[in-house]
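Please work through the following exercises with the sequence and the structure at hand, and try each task before you read its solution.

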Amino acid sequence: KMGDYAKEELINSYYKKLKEALLKTDPTTKLSIANAIFTNQSVLINPDFIRTNQSYYDATVQPVDFSGTAAMGIINQWASDHTNGLIKEVIDKTNAYDLMYLLNAIYFKGIWTREFDAKNTSRLPFTREDGTIQQVDMMRQMATFNYTEDQLLQMVQLPYGNQAFSMMVLLPRQGKRLQEVVAATRQTDYWNGLKSGLHEAEVDLFLPKFKTEYSKKLNDVLSKMGMEIAFTDAADFSGMTDHPAKIAFVKQDTYISTDESGTEAAAVTTVGMELTSMPAEPQRVVFNADKPFIYIIQENSTGAILFMGAVKNLND
């Protein structure tokens, strides 16, 4: 049985290799992954913890004064700098009892391998999740894409650049709900089977231009997934510092914009910690995303998912 140290070493090494592979995979697609730790300048942090984060995660490590207002500006500026200005604010205050803030930022900009012609974009109806209808800017193109379908959904793979990265668009069948699709994709066998069924097809593709910004504290979600102890005084973060500590909050901020030329997306995860006292003849199909759908941006060879979300309503 592998010891805790060996397990940590394996996870850290794998992250470093995966990050290096992802960053090199497509020179035509911009991808940056950055990590930072802002520590309380008055508290001694374990030097091994700092070294591990610098060597495996290439983390920026900066001691700051959490009792003043400058720390908030420093942290938010880091988030903005590492998301091309798409995410400008991840925290709205700090206080003297904060132990550290751990941030992970990812920025992605991909140009479609087959771009949509803006002349084919027109105002068409989109049925929102609540059943009401709105007019949206619907992009359209007829081209060969990898495609698959079953009784639950249709799925099309839209590649970026040299095709190392792609967006999977999952569209529920008539009468099927978005939640059913989400539940199915959480089953590894179903998701792998779906991807293995992808084949070339002539797709008459309708996809709305969309932009979403999302910010959510994940404390409740992570607690329900079994991490509740990390948010309590019983938490053990002795690998970081000798001082008793717990996680105050975990927050995810995301931004994604998709149009005729491609996709620009960013995300910042912020963990705030305080001291306690992730071929045959091509089939011809119509893929009309005129109702809520799921998108997944992935690196194809590893299957690593960079972003995923659901488009339920669109801004007029």
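**Exercise 1: The open sheet**

β3 and β11 run antiparallel and are joined by 13 bridges. This pairing belongs to a predicted model, and the exercises below start from it.

Task: Work out which strands make up the open sheet and in what order they stand.

Solution: Begin with the pair already named, in which L103 stands opposite T270 in β11. Next, turn to the pairing of β11 with β10, which is also antiparallel and consists of 13 bridges; here F249 has G272 in β11 as its bridge partner, and a hairpin of 3 residues leads from β10 to β11. Then follow β10 to β9, since these two run antiparallel and are joined by 8 bridges, with T258 in β10 as the bridge partner of F210. Put together, the open sheet has 6 strands in the order β2-β1-β3-β11-β10-β9, and its pairing is mixed. The edge strands, each of which pairs on one side only, are β2 (60-64) and β9 (210-217). On average, and with direction ignored, neighbouring strands of this sheet are turned by 10 degrees against each other.

**Exercise 2: What lies across the strands**

Task: Find which strands helix α3 lies across, and do likewise for helix α6.

Solution: First take α3, residues 70-81, which lies across β1, β2, β3 and β11 and runs at about 165 degrees to β1. Then take α6, residues 219-227, which lies across β9 and β10 and runs at about 115 degrees to β10. As a last step, look at how covered β11 is: 11 of its 14 residues are buried.

**Exercise 3: Strand β7**

Task: Explain why β7 can be called largely enclosed, and name the strands with which it pairs.

Solution: Start by counting burial, where a residue is buried if its relative accessible area is under 20%. In β7, residues 165-172, 8 of the 8 residues are buried, so this strand is largely enclosed by the rest of the structure. Now check both faces: F165, M167, V169 and L171 point one way, S166, M168, L170 and P172 point the other way, and all of them are buried. Continue with the pairing, in which β7 meets β6 (residues 153-160) in the antiparallel sense over 8 bridges, with L170 as the partner of M155. These two strands form a hairpin with 4 residues between them, and G161 in the turn has a positive phi of about 50 degrees. Finally, β7 pairs with β13 (residues 293-299), again in the antiparallel sense, over 6 bridges, and there M167 has I297 as its bridge partner.

**Exercise 4: The cores and helix α4**

Task: Identify the residues that touch the most other members of the largest nonpolar core, and decide where the buried residues of α4 sit around its axis.

Solution: The largest nonpolar core has 42 residues, of which V156, M167, V203, F287, F293 and L306 touch the most other members. Strand β5, residues 133-149, gives the most to this core, with 6 residues. A second, separate core has 21 residues, among them A79, Y101, A105 and Y107. Turning to α4, residues 178-185, we find that L178, V181, A184 and T185 are buried. These residues cover an arc of only 125 degrees around the axis, and therefore they are on the same side of α4. What covers them includes β6, β7, α5, β13 and β14.

Methods. Residues numbered from 1 in each chain as written. Predicted model: local features only at pLDDT ≥ 70, side-chain atom pairs only at ≥ 80, totals over all residues. Heavy atoms only, no water. Buried < 20%, exposed > 50% of the residue type's maximum accessible area, 1.4 Å probe, protein only. Pairing = 2+ DSSP bridges. Axes fitted to C-alpha atoms, helices over the stretch in contact; angles between N-to-C directions. Contact = heavy atoms within 4.5 Å. Core = buried A, V, L, I, M, F, W, Y, C linked by side-chain atoms within 4.5 Å. Arc of directions from axis to C-beta.
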